[in-house]
Amino acid sequence: MSTYTNSSQSDVKLNLFFFIGFTAVVLYFIYWGSSYTNGNHAILFILATLFGVFMAFNIGGNDVANSFGTSVGAGTLTIKQALIVAAIFEVSGAVIAGGEVTKTIRKGIVDLSQITVEPMQFVYIMMAALLSAAIWLLIATRKGWPVSTTHSIIGGIVGASITLGFLIGGSDTGFSLVKWDKIGTIAFSWVLSPVLGGLVSYVLYYQIKKHVLVYNDETVDKLVSIKKEKKELREEHKKSFERLSELQKLSYTSSMARDAHTISDKDFDPEELESDYYKKVYEIEQKQDSVNATKALETYVPLFAAIGGMLITGMLLFKGLKHMHLGLSTIDNYLIIGMFGALIWLATTIFAKTLKGKDLDKSTFLMFSWMQVFTASGFAFSHGSNDIANAIGPFAAILDVLRTGEIGSSAAVPTVAMITFGIALIVGLWFIGKEVIQTVGHNLTKMHPASGFSAELAAAGVVMLASVMGLPVSSTHILIGAVLGVGLVNHNTNWDLMKPIALAWVITLPAAGILSAITFMVLNNIF
């Protein structure tokens, strides 16, 4: 009871800490921004800030919670640990690797060059998109549905843009603004995303289960059987010994004493054993020694860890760090990837050897937990490069217009804005992320660090490939597909739960679009 009370008090203190800290950061940003925007349109700037921060808050509650659901569900990370990982890697991914997706969302979905758009109308479009996407995400999050922030913001931009087109030139003008081929490509990716995530995860986890988990289960069964055989031998020996005469007991005890001394010598000859008891003990121990309990941990787990390490390293080099102009050639990158893979393989192999003689299930859990922390970090970076930009991209465009009075072709993201939105994302994860974490980590399928590692690694690979291509796919769909892939291997997928989630996926874009159209009309009429 006292433990529960202490935990509850700790959560209350954390809630208060996050609320006060979050409020202070937003107020400071508004103070900083009023100078950055030269005091232009102060009320609009404050509203845009609140809309943008609200969007980032809900990204944290839905998409980041979705991202860390497998880690928390598998017992690898606690909520608080997930907060720390998210704080570092999500924001880093957005700052370092988020440019391509932001550009696609801001410039590739609608073509406003066909009409004369006033700078403030452009601001209203982005504000409406942010608020409508955030509202839909909040609704989905409270239901525990992992939906796409990317689809939400796209729906918001499309809905507001069509509405502006209607006001200027009617329905033909409105619908002509949308690049429907791009929407079609994105719609195709909605199907492709979960399929790819599921396929890669299924193949990866199937191999891990076959070569590691099943082998370990069989090994544990063998060791349990051998232990049982030893116990039965002792009981049988005890009964047989009781039936002997006193003289026979004395003779047999002497033989056993000599055998006990003989067997203590590692180089003894089994032919030297005199008693039937020690001869059988020797046979059983030979059988036990023939069972290589840590074979899978020493052979296959380092291989899977090396593959994961090389994939994450490749993501960082080819996508995440390319904007830093490190001057590395393609061959240099491949050599670095190979070195990291070799180091991870060696380190994991050595670590596995230290687990000899220890509980096999706990050792497996421990090794995959370490690997999952690594892949969770990689997936957080990948996720940040795609989805925190959904809040930062439109807001940066708003800031630029408020500051310059013109619609620029590109807009810089101030560091203070990124930090503010990053904090909003973490606060959202803490306050409203638990329902989505429960859905992804527990309710769709049962998670183990090995299956969580498979799902996260598969999803990270697919997400980063999409990010390199500049295609705004949904990391949510990819990861849910990866989780379902794990469930298919284990034959325990909760398909009933997938029905409302799939329906939420379908209505995300139109729901955000309708909300955005209404919001745009309100903003356009008030200001």
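In this predicted model, the side chains of Glu229 and Lys287 come together in a salt bridge, with an N to O distance of 3.1 Å. Glu229 belongs to helix α8 (residues 180–242) and Lys287 to helix α10 (residues 276–289), and the pair thereby links distant parts of the chain, 58 residues apart. Glu229 has a relative accessibility of 29% and therefore counts as partly exposed. Lys287, at 39% relative accessibility, is likewise classed as partly exposed.

This contact is one of nine salt bridges in the structure. In general terms, side chains of opposite charge can pair when their charged atoms come close. Another of these bridges joins Arg142 to Glu435, where the closest N and O atoms are 3.9 Å apart. Arg142 sits in helix α5 (residues 119–143) and Glu435 in helix α16 (residues 434–443), so this bridge ties together parts that are 293 residues apart in sequence. Arg142 has a relative accessible area of 48%, which makes it partly exposed, and Glu435 is partly exposed at 30% relative accessibility.

A local counterpart is found within helix α19 (residues 495–526), which holds both Asp496 and Lys499. Their side chains meet in a salt bridge of 3.7 Å, N to O, and the two residues are three positions apart, about one turn of the helix. Asp496 is exposed, with a relative accessibility of 56%, and Lys499 is exposed too, with a relative accessible area of 58%. Salt bridges also join up into a network, which links Glu298, Lys353 and Lys356.

Turning to the aromatic side chains, a search of the whole structure gives 16 aromatic pairs. One of them, Phe22 with Phe57, is stacked, with 6.4 Å from centre to centre and 20 degrees between the planes. Phe22 lies in helix α1 (residues 2–36) and Phe57 in helix α2 (residues 42–73), so the two rings tie together parts that are 35 residues apart in sequence. Phe22 and Phe57 are both buried. For Phe395 and Phe421, the ring centres are 5.0 Å apart and the planes stand at 40 degrees, so this pair is tilted. Here the partners come from helix α14 (residues 389–404), which holds Phe395, and helix α15 (residues 415–432), which holds Phe421, so the pair ties together parts that are 26 residues apart in sequence. Phe395 is buried at 1% relative accessibility, and Phe421 is buried at 0%.

Phe395 and Phe421 also belong to one aromatic cluster, together with Phe29, Trp32, Tyr36 and Phe45. A ring also takes part in a contact with a charge: the charged end of Lys434 sits over the ring of Trp430, at 4.4 Å from its centre.

Helix packing comes next. Two packed helices are described by the angle between their axes and the distance between the axes. For α2 and α15, the axes come within 7 Å and cross at roughly 50 degrees; the two helices are therefore oblique to each other. The crossing in which α2 passes α15 is right-handed. Another approach between separate parts of the chain involves Ala458, a residue of helix α17 (residues 449–469). The C-alpha atoms of Ala458 and Leu204 are separated by 7.7 Å, although the two residues are 254 residues apart along the chain. Ala458 has a relative accessibility of 3% and so counts as buried.

Finally, the backbone deserves a look in two of the loops. Most residues other than glycine have a negative phi. Asn38, which is not a glycine, nevertheless has a positive phi of about 60 degrees. Asn38 is located in the loop between α1 and α2 and is exposed, with a relative accessible area of 53%. His491 also has a positive phi, near 60 degrees, and is a residue other than glycine. The loop that holds His491 runs between α18 (475–490) and α19, and His491 counts as exposed at 73% relative accessibility.

Methods
Residues numbered from 1 in each chain as written. Predicted model: local features only at pLDDT ≥ 70, side-chain atom pairs only at ≥ 80, totals over all residues. Heavy atoms only, no water. Phe/Tyr/Trp six-rings, centres within 6.5 Å; stacked < 30°, edge-to-face > 60°. Helix = DSSP H or I, 4+ residues; strand = E, 2+ residues; numbered from the N terminus. Buried < 20%, exposed > 50% of the residue type's maximum accessible area, 1.4 Å probe, protein only. Lys NZ or Arg CZ within 6 Å of the ring centre and 35° of its normal. Salt bridge = Lys/Arg side-chain N within 4 Å of Asp/Glu carboxyl O. Axes fitted to C-alpha atoms, helices over the stretch in contact; angles between N-to-C directions. Parallel < 35°, antiparallel > 145°, perpendicular 65-115°, else oblique. Left-handed = near helix turned anticlockwise from the far one by under 90°.
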